[in-house]
Amino acid sequence: MTNTWHIHLSGLVQGVGFRPFVVSLAAKHQIRGTVANGSDGVHVYFNATAQLAKTFYHELLSQAPAESIITHQQILPSSAAIFEDFSIVQHHAGLSHNSMLITPDRAPCPSCLAEINDPSNRRYRYAFTTCLHCGPRYSIMKALPFEREHTRMDSFDMCPDCLH
């Protein structure tokens, strides 16, 4: 029997690629639902059988992005909902910041440096190249949760490729 589940994770779980990781893991298991950053961590709502929910939860914790630090996690049954696909959404619930760790700024990683130095790359000599593993986080944050509109990048439009 398929139920609706809620996974709540807190710690260093924003600005480290957690939401794209969850989307990828959900696709692997053909799970439908949503993932969102909240002011108190990451929230995942999804439809699954109890066994699939347990497997998904275990893999989510054991394969989390390398830069993440999960300090609290739980999975609970949730109010019934039906999802058509799996997507990243905006989340507005949760007012506590006590469980949030702020992601530190990191120097460009080797992959980003290679892009910056490759004349055939569209990011050649682009000073603001970053990825899920590197770049500014703490210094550009204005508020939690870590969403583009809560960073100093909010006034810059993304190009069509980045927006996609």
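**Surface, fold and cysteines of a predicted model**

Modeller: Let's start at the surface: the protein exposes about 9600 Å², and 57% of that comes from carbon and sulfur atoms. These accessible areas come from the Shrake-Rupley method with a 1.4 Å probe, and for residues only the protein chains shown count as cover. Please keep in mind that this is a predicted model, where local features need pLDDT of at least 70, side-chain atom pairs count only at pLDDT 80 or more, and totals for chains, interfaces and linings use all residues. Residues are numbered from 1 along each chain as its sequence is written, and side-chain values use heavy atoms, with hydrogens and water left out.

Colleague: Thanks! What makes up the secondary structure of the protein?

Modeller: There are 4 helices and 5 strands, in the order β-α-β-β-α-β-β-α-α from the N terminus on. Both kinds are DSSP runs numbered from the N terminus: H or I over at least four residues for a helix, E over at least two for a strand.

Colleague: How do you know whether the radius of gyration agrees or disagrees with a compact globule?

Modeller: The globule rule is 2.2 Å times the number of residues to the power 0.38, and the radius is taken over C-alpha atoms. For 164 residues that gives a value near 15 Å, and the protein has 17 Å, so the two agree. Along the principal axes, the C-alpha atoms fill a box of roughly 55 × 35 × 30 Å.

Colleague: What share of the contacts with a separation of 6 or more joins residues 24 or more positions apart?

Modeller: That share is 74%, where a contact means heavy atoms within 4.5 Å.

Colleague: Now the cysteines. How many disulfides are there?

Modeller: A disulfide here is a pair of cysteine sulfur atoms within 2.5 Å, and the count by this rule is 0. Cys112 is in no disulfide, as its nearest cysteine sulfur, that of Cys134, lies 3.6 Å away. Cys134 is likewise in no disulfide, with the sulfur of Cys112 at 3.6 Å.

Colleague: Why is Cys112 called buried?

Modeller: Buried means under 20% relative accessible area, exposed means over 50%, and partly exposed lies in between (1.4 Å probe, protein chains only). Cys112 has 3%, so it counts as buried. Cys134 has 1% and is therefore buried too. In the protein, 38% of the 164 residues count as buried.

Colleague: And His133: buried, partly exposed or exposed?

Modeller: His133 is at 44%, so it counts as partly exposed. His133 sits in the loop between helix 3 (110-116) and helix 4 (160-163). Leaving aside residues up to four places away in sequence, His133 touches Glu67 and Arg106. The C-alpha atoms of His133 and Cys109 are 7.0 Å apart, with the two positions 24 residues apart in sequence.

Colleague: What makes the phi of Gln30 worth a remark?

Modeller: Gln30 has a positive phi of about 55° although it is not a glycine. Gln30 lies in the loop between helix 1 (18-28) and strand 2 (32-38), and its relative accessible area is 73%, so Gln30 is exposed. Arg125 also is not a glycine and has a positive phi, of about 60°. Arg125 is in the loop between helix 3 and helix 4 and, at 65%, counts as exposed.

Colleague: Last one: why is Ala81 called partly exposed?

Modeller: Its relative accessibility is 27%, so Ala81 falls in the partly exposed class. Ala81 is in the loop between strand 4 (69-77) and strand 5 (86-88), and touches Thr4 and Asn47, not counting residues up to four places away in sequence.
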